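I wanted to keep a short record of what I looked up in this structure, in the order in which I looked. The entries below are working notes.

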Number of protein chains: 4
Amino acid sequence: MLRFLTAGESHGRALVVIVEGLPAGLAVGVDDLQVELGRRRLGYGRGPRMRFEQDEVTIVGGVRHGRTLGSPVAVEIANSEWTRSDKWHAEMAVEAGATQAPLTQPRPGHADLAGMQKYGFTDARDVLERASARETAARVVAGALAKLLLRELEVEVISHVIQMGPVRASDLKRPAPADLAVVDESPVRCFDPGAEADMIEEIKATAKEGDSLGGVVEVLGYGVPVGLGSHVHWDRKLDSLLAQALMSIQAVKGVEIGDGFEVAGRRGSDAHDPIVYDAADGYQRTSALAGGVEGGISTGELLVARAAMKPLATLNRPTLGTVDVVTKESTVSFKERTDVTAVPAMGVVAETMVALVLAGEATRKFGGDSVAEFVRNAGSFSAALREGPLG
Amino acid sequence: MLRFLTAGESHGRALVVIVEGLPAGLAVGVDDLQVELGRRRLGYGRGPRMRFEQDEVTIVGGVRHGRTLGSPVAVEIANSEWTRSDKWHAEMAVEAGATQAPLTQPRPGHADLAGMQKYGFTDARDVLERASARETAARVVAGALAKLLLRELEVEVISHVIQMGPVRASDLKRPAPADLAVVDESPVRCFDPGAEADMIEEIKATAKEGDSLGGVVEVLGYGVPVGLGSHVHWDRKLDSLLAQALMSIQAVKGVEIGDGFEVAGRRGSDAHDPIVYDAADGYQRTSALAGGVEGGISTGELLVARAAMKPLATLNRPTLGTVDVVTKESTVSFKERTDVTAVPAMGVVAETMVALVLAGEATRKFGGDSVAEFVRNAGSFSAALREGPLG
Amino acid sequence: MLRFLTAGESHGRALVVIVEGLPAGLAVGVDDLQVELGRRRLGYGRGPRMRFEQDEVTIVGGVRHGRTLGSPVAVEIANSEWTRSDKWHAEMAVEAGATQAPLTQPRPGHADLAGMQKYGFTDARDVLERASARETAARVVAGALAKLLLRELEVEVISHVIQMGPVRASDLKRPAPADLAVVDESPVRCFDPGAEADMIEEIKATAKEGDSLGGVVEVLGYGVPVGLGSHVHWDRKLDSLLAQALMSIQAVKGVEIGDGFEVAGRRGSDAHDPIVYDAADGYQRTSALAGGVEGGISTGELLVARAAMKPLATLNRPTLGTVDVVTKESTVSFKERTDVTAVPAMGVVAETMVALVLAGEATRKFGGDSVAEFVRNAGSFSAALREGPLG
Amino acid sequence: MLRFLTAGESHGRALVVIVEGLPAGLAVGVDDLQVELGRRRLGYGRGPRMRFEQDEVTIVGGVRHGRTLGSPVAVEIANSEWTRSDKWHAEMAVEAGATQAPLTQPRPGHADLAGMQKYGFTDARDVLERASARETAARVVAGALAKLLLRELEVEVISHVIQMGPVRASDLKRPAPADLAVVDESPVRCFDPGAEADMIEEIKATAKEGDSLGGVVEVLGYGVPVGLGSHVHWDRKLDSLLAQALMSIQAVKGVEIGDGFEVAGRRGSDAHDPIVYDAADGYQRTSALAGGVEGGISTGELLVARAAMKPLATLNRPTLGTVDVVTKESTVSFKERTDVTAVPAMGVVAETMVALVLAGEATRKFGGDSVAEFVRNAGSFSAALREGPLG
């Protein structure tokens with residue numbers, strides 16, 4: 001029962017997020033949020049903007065003496081560009097006035113044109129400021145809180161890049177939570193050293209042509225308890241909630257649980273995870289094709305979800321044809337210095353969306369208004385499970 | 001602002017669905033629902049159960065003299081097996097009593113084990129009766145109502161199979177609404193005649209081995225107005241809602257919008273749909289990679305969404321290892337006569353989930369308590385768009 | 001996290017309700033539902049229709065062998081008039097056709113006119129069939145399930161009539177759960193014998209004049225645990241949820257928590273419940289003005305909520321002026337044999353709405369997918385509270 | 001389809017509110033918000049704190065060049081005490097640390113004790129900082145936005161005090177929107193000059209004794225279009241939503257629609273509003289007992305809702321008994337300089353809650369992503385109504 005709202009425009013004063021439904025007593029510090037925001041800036045292909053971006057984070061409400069109060073947690077992420085210079089003050093002024101530089105040429109591959117049509121704007125900036133992936137910084141803060149809550153249950157959510165443009169990680173060796181630092185140190189957040197080198201080559205070649213790259217990230221949930229989500233109603237299925245959360249990330253066009261599309265091509269005899277039992281570990285699966293979700297319920301196995309991101313639609317060199325909405329003349333999408341790829345960073349956003357779903361479902365299953373109550377309920381479920389016939 | 005709840009177990013007395021939020025004045029007949037329920041039984045690989053299944057449909061509330069009242073529409077789908085014989089009466093009795101035949105061997109690839117652990121059952125039937133894809137019949141009724149509403153806006157949602165096991169439709173010729181009868185007549189609901197023949201061969205070969213097949217369906221939305229969904233908040237993005245809806249279908253493990261995973265491997269210069277304009281048709285895209293959604297908003301182009309289904313986990317011959325929860329001994333998943341594949345039928349369910357999302361977002365954008373008001377508002381939006389700079 | 005949808009028209013085939021979110025393992029029988037539906041027919045002033053009304057109740061889904069499955073529970077309440085005769089079959093036919101007897105004279109005090117305007121109807125029956133209080137039978141079934149769940153926590157929700165027309169129960173002696181049979185045996189469901197006699201006299205006098213009566217009921221929640229609802233957000237406050245639930249009952253125009261409006265006239269020094277402590281019982285209040293809710297949170301004291309019902313707007317003799325929407329001529333609201341008052345029955349509906357709120361908040365606080373887990377979590381919260389400084 | 005979250009503690013750095021669902025193109029200025037926040041400080045009985053409170057308001061997101069963007073609007077209300085001095089910096093620090101002054105004596109009539117028990121706190125400040133009515137400042141900002149939107153439909157929501165302690169406005173002359181300045185200039189926000197004088201006397205007498213007063217406010221909605229809310233489902237009834245919204249205000253214990261409890265004591269022949277018609281004004285009611293809502297739907301008549309507030313529970317002189325949770329000894333609730341009454345200010349909060357409900361229902365009925373579209377749809381509904389049989 002977590003809910004959150006985010007607000008703020010890319011070049012506006014700040015982003016804000018309010019997260020409602022966290023139990024009281026969760027240890028939270030600004031550093032916890034800064035770490036995740038810093039991880040969101042990771043990646044070889046990130047351009048100068050990201051390096052300069054220094055997020056000044058303020059916890060405005062919901063935390064006292066380092067612990068949540070059970071009340072909504074509000075966090076503001078100041079826009080360092082806004083604070084440092086007045087470059088955007090006029091263009092993004094809250095006060096009545098007119099833009100000096102309306103953007104009348106909607107960019108293909110962005111929300112620009114459809115957003116202008118939906119909302120009745122003639123300046124694409126009225127759309128793109130909110131549609132920008134900058135907004136995910138606010139989500140990452142919410143996700144950081146979700147991760148802290150999950151950590152109380154010893155659940156860890158990490159990610160790694162498994163495809164960059166056409167280059168795929170050949171051998172699917174999955175990082176464990178202890179490997180996260182290694183992944184984050186990789187300029188492409190890839191855990192397969194061979195693929196990593198190829199990915200970097202691909203980025204360099206793409207950069208030279210002023211083009212951009214998409215890719216695929218894999219999110220892994222370690223320690224996810226059995227029983228999150230439910231088969232009883234379509235909108236309570238864990239995989240369905242994960243798909244919604246991941247597909248909501250800017251530029252994501254595909255989502256898989258476990259081996260997803262690949263499993264669709266297999267025979268049934270080779271597509272499911274057999275169940276075994278031993279007294280020490282209880283029930284387990286001998287393979288992991290299902291990605292830790294069966295019938296919309298977490299199985300207690302490793303949770304695996306993937307998100308496919310299209311290449312950035314803002315390019316440094318090649319052109320995408322568009323139209324000026326005022327003159328109605330054909331033109332090309334405006335160019336600006338941009339990153340080659342946002343896939344490594346997107347992985348961090350994907351982690352946070354998965355963490356938000358898991359934390360929401362965990363609070364639903366275990367209830368609890370304080371962390372102590374939440375953890376106690378989770379613990380007594382585990383104990384009852386272990387001691388009963390299903391353990 | 002549509003919401004719906006479904007209820008009912010696979011071998012119980014009936015399924016029920018209540019749909020709340022439909023405008024008044026929508027022409028609805030039992031035949032409209034029967035047609036869609038019949039389409040849900042399509043497909044070469046369907047076994048005898050599906051052929052016998054005759055859904056007796058009763059509209060219990062919300063419709064008077066062939067038109068909706070604005071009040072919740074309730075539909076009951078009687079289970080013909082329940083009516084025809086008393087075979088399931090004891091096993092699925094509502095009255096207190098005990099099962100004669102507890103299923104203590106959870107089947108891999110199903111909700112069985114995780115559901116038993118979550119809910120504290122020792123009889124897998126307490127899970128599988130609800131987890132069964134039989135439940136999608138109730139959704140199809142809801143979806144049929146959504147389709148009727150969308151038809152008032154001249155929106156049509158259809159589907160076709162583009163992959164059956166390893167066999168893919170080679171050339172992606174997409175069916176138009178007028179082609180739906182052709183698709184439905186294909187035993188595999190494939191619009192590519194060459195692939196159709198290969199798919200049938202694959203099914204035959206698989207059947208011989210008692211194995212099962214998954215596959216991929218593509219859902220197409222024709223006439224979807226620009227402006228459904230929104231970029232302004234993560235949980236309002238149309239693609240995110242579509243992903244949730246499609247991933248909630250039993251056995252679906254992957255979802256794509258437009259060319260999805262394939263686009264992730266392209267360069268940015270080759271991954272987006274250029275915008276052009278002419279006075280007659282307004283703004284259009286010259287390609288369709290994005291699947292009709294940009295920035296979480298429908299663009300007015302053809303909507304394309306895909307769902308990948310894993311093979312059925314209940315097999316006629318090969319075995320999947322499992323454990324008896326009472327004896328704790330290893331065993332194999334029980335066998336029963338089953339279909340080779342449910343992919344063709346799943347396409348119809350996928351259509352209905354997409355239709356439910358689109359109808360929900362259309363009622364949100366256009367408001368309206370009667371169909372007349374809803375259509376009038378949609379029309380004046382179109383007119384204003386056509387006459388303004390964004391038209 | 002309970003949600004429910006109801007459907008069905010007053011003279012249609014049946015009412016249906018689906019309740020989603022109940023834990024598995026709750027003992028439920030058709031009798032439990034029948035008892036509450038029978039209580040909904042209580043009351044001196046009820047006319048012949050209520051006596052004939054025999055609700056044939058069918059649990060369609062969600063219950064097996066006398067226990068909930070965790071899946072949505074669907075219940076159908078057949079309309080006995082529909083089954084017994086075909087009187088309403090044409091007028092309420094689902095099939096296309098036209099009414100033989102359109103009601104074109106909207107009745108004051110009902111949804112008729114506003115509903116016709118909102119939904120674009122010219123036949124008031126298209127509104128009144130759903131607006132009718134008959135719909136509360138479906139809610140009572142949902143409420144009966146909620147009461148069964150609350151009983152697992154030893155919470156009991158009862159009601160009594162404290163005002164009938166101008167006659168008020170003088171001394172507010174509140175019935176305990178053990179007194180419910182006494183209350184239900186009172187023809188006006190009043191626990192104050194003196195007031196009861198006066199109320200009956202008032203009803204007789206009113207009946208003689210063909211007029212109708214409103215009144216006030218008080219709902220009491222015994223054993224409500226401390227900590228339901230929350231002060232942290234406006235829409236999580238228990239009193240706010242109770243007010244919504246009670247005001248949603250047909251003809252209810254006022255709601256109070258505890259002594260409500262009366263407390264507004266007091267001085268602060270005489271308007272709050274002092275806190276005391278003793279080792280045996282923990283913290284307690286020495287008065288009960290707040291109605292068991294402070295700051296939007298249940299205090300563990302007796303929960304008290306009241307609902308004021310306006311008199312029935314359908315009268316046997318006096319006339320209410322209205323207009324024919326076709327002829328636009330003034331006329332009087334049509335008369336029909338009706339009850340003098342529905343206040344005693346409304347009390348039972350009010351109980352069920354309160355029970356639904358409490359059960360929803362209890363599942364939110366304690367979580368749990370099975371009754372065992374739900375009760376265990378509630379118990380460990382109580383134990384921790386008792387043993388800690390707040391116990 | 002408006003939703004909003006608020007956050008922030010009474011003595012913390014700031015309050016924040018995010019409002020999601022406003023259409024684009026709504027003219028909004030900081031002044032619009034300041035005016036309403038200033039009105040929230042009105043009232044004779046307000047103590048020194050309110051006079052000093054200067055709310056520094058910042059629109060953080062969702063507004064550009066004086067117009068909403070359709071994206072979530074975020075507003076921060078800085079706590080002037082926080083900025084002006086560091087008095088609260090340590091006590092309300094976000095950083096880990098311990099309080100120097102734990103409040104271990106929960107105050108009767110507040111959330112303190114129940115909140116401590118629910119969330120596991122031993123310092124009442126962890127509850128009261130969020131439970132404080134200071135939080136309503138954030139709601140008032142949301143309500144100010146709702147009022148601006150309603151004004152586009154020529155809907156005005158105002159309030160006046162009709163009871164202060166035991167003193168009632170004798171003759172119910174209701175202020176029109178043009179009278180709002182007169183009401184606001186009254187130190188008790190009462191529109192009845194005779195009662196106003198008595199109320200002031202009552203406040204003076206109460207102040208002398210160090211006691212506090214409750215009272216009743218009436219909220220009036222002028223120009224509310226017919227057709228908001230619905231009879232079709234319990235949770236869509238306008239009166240039910242209003243009751244929830246009003247009862248959620250701190251210290252409100254009773255809610256009425258129209259004449260509420262008073263109507264419950266009348267005969268049916270004298271309790272409903274007759275319908276008349278003339279060609280110029282369409283359908284109208286000749287009395288206003290129902291408060292502008294019938295069957296859960298707005299009738300187009302004057303909307304009337306009332307909220308009863310208990311006296312403040314923090315007193316200057318008299319004592320309320322309580323217990324120290326550490327020592328378990330009896331004591332009295334701590335005293336502090338406080339207001340005699342918050343009823344005049346509560347009226348402004350009640351207006352904003354009513355405005356939020358009406359704006360939410362209006363966006364649901366009329367849809368629209370821009371103000372132009374929203375207003376156009378509302379206009380064409382009105383036109384169609386006027387020209388049809390229900391006009």
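What follows are my entries on an interface, a helix and two single residues, all taken from a predicted model.

**Entry 1, chain C against chain B.** I began with the contacts between these two chains, and found that 50 residues of chain C touch 50 residues of chain B. The area buried between chain C and chain B comes to about 4000 Å², and carbon and sulfur atoms give 60% of that area. On the side of chain C, the residues that lose the most area to chain B are Leu5(C), Arg64(C) and His65(C), which together make up 20% of what that side buries.

**Entry 2, polar links across that interface.** I then asked how many salt bridges the rule finds between chain C and chain B, and the count is 8. I noted a salt bridge between Glu91(C) and Arg64(B), in which the closest N and O atoms are 2.8 Å apart. For polar contacts, the count across the interface of chain C and chain B is 22 residue pairs, with both residues at pLDDT 80 or more. Several elements of chain C each supply at least two residues to the side that touches chain B, among them the strands β1 (3-7) and β2 (14-20) and the helices α4 (112-119) and α5 (125-131). By residue class, that side of chain C divides into 22 nonpolar, 13 polar and 15 charged residues.

**Entry 3, helix α11 of chain C.** I checked the length of this helix, which covers residues 343-366: at 1.5 Å a residue its 24 residues should span 34 Å, and the end C-alpha atoms are indeed 34 Å apart, so the two values agree. I also looked at its burial, and since 24 of the 24 residues of α11(C) are buried, the helix is largely enclosed by the rest of the structure. Just after α11(C), I found Gly367(C) with a positive phi of about 60°.

**Entry 4, Gln244(B).** I located this residue in helix α9 of chain B, residues 238-247. Its relative accessibility is 10%, and because buried means under 20%, Gln244(B) counts as buried. Apart from neighbours within four places in sequence, Gln244(B) has contacts that include Trp234(A), Asp235(A), Leu241(A) and Gln244(A).

**Entry 5, Thr136(B).** I placed this residue in helix α6 of chain B, residues 136-151, and with a relative accessible area of 4% Thr136(B) is buried. Leaving out neighbours within four places in sequence, I found Thr136(B) in contact with Arg40(B), Gln250(B) and Val349(B). I also compared its position with Gly165(B): the two are 29 residues apart in sequence, and their C-alpha atoms are 22 Å apart in space.

Notes
Residues are numbered from 1 along each chain as its sequence is written. Chains are lettered from A and ligands numbered from 1 in the order in which they are written. This is a predicted model: local features need pLDDT of at least 70, side-chain atom pairs count only at pLDDT 80 or more; totals for chains, interfaces and linings use all residues. Side-chain values use heavy atoms; hydrogens and water are left out. The expected span of a helix is 1.5 Å times one less than its number of residues. Buried means under 20% relative accessible area, exposed over 50%, partly exposed in between (1.4 Å probe, protein chains only). Contact means heavy atoms within 4.5 Å. Buried area is the accessible area (1.4 Å probe) that two parts lose on being put together, summed over both. A salt bridge is a side-chain nitrogen of Lys or Arg within 4 Å of a carboxyl oxygen of Asp or Glu. A polar contact is a pair of N or O atoms within 3.5 Å; within protein, one must be able to donate a hydrogen and the other to accept it, and residues adjacent in sequence count only if both atoms are side-chain atoms. Ala, Val, Leu, Ile, Met, Phe, Trp, Tyr, Cys and Pro count as nonpolar, Asp, Glu, Lys and Arg as charged, and the others, Gly among them, as polar.
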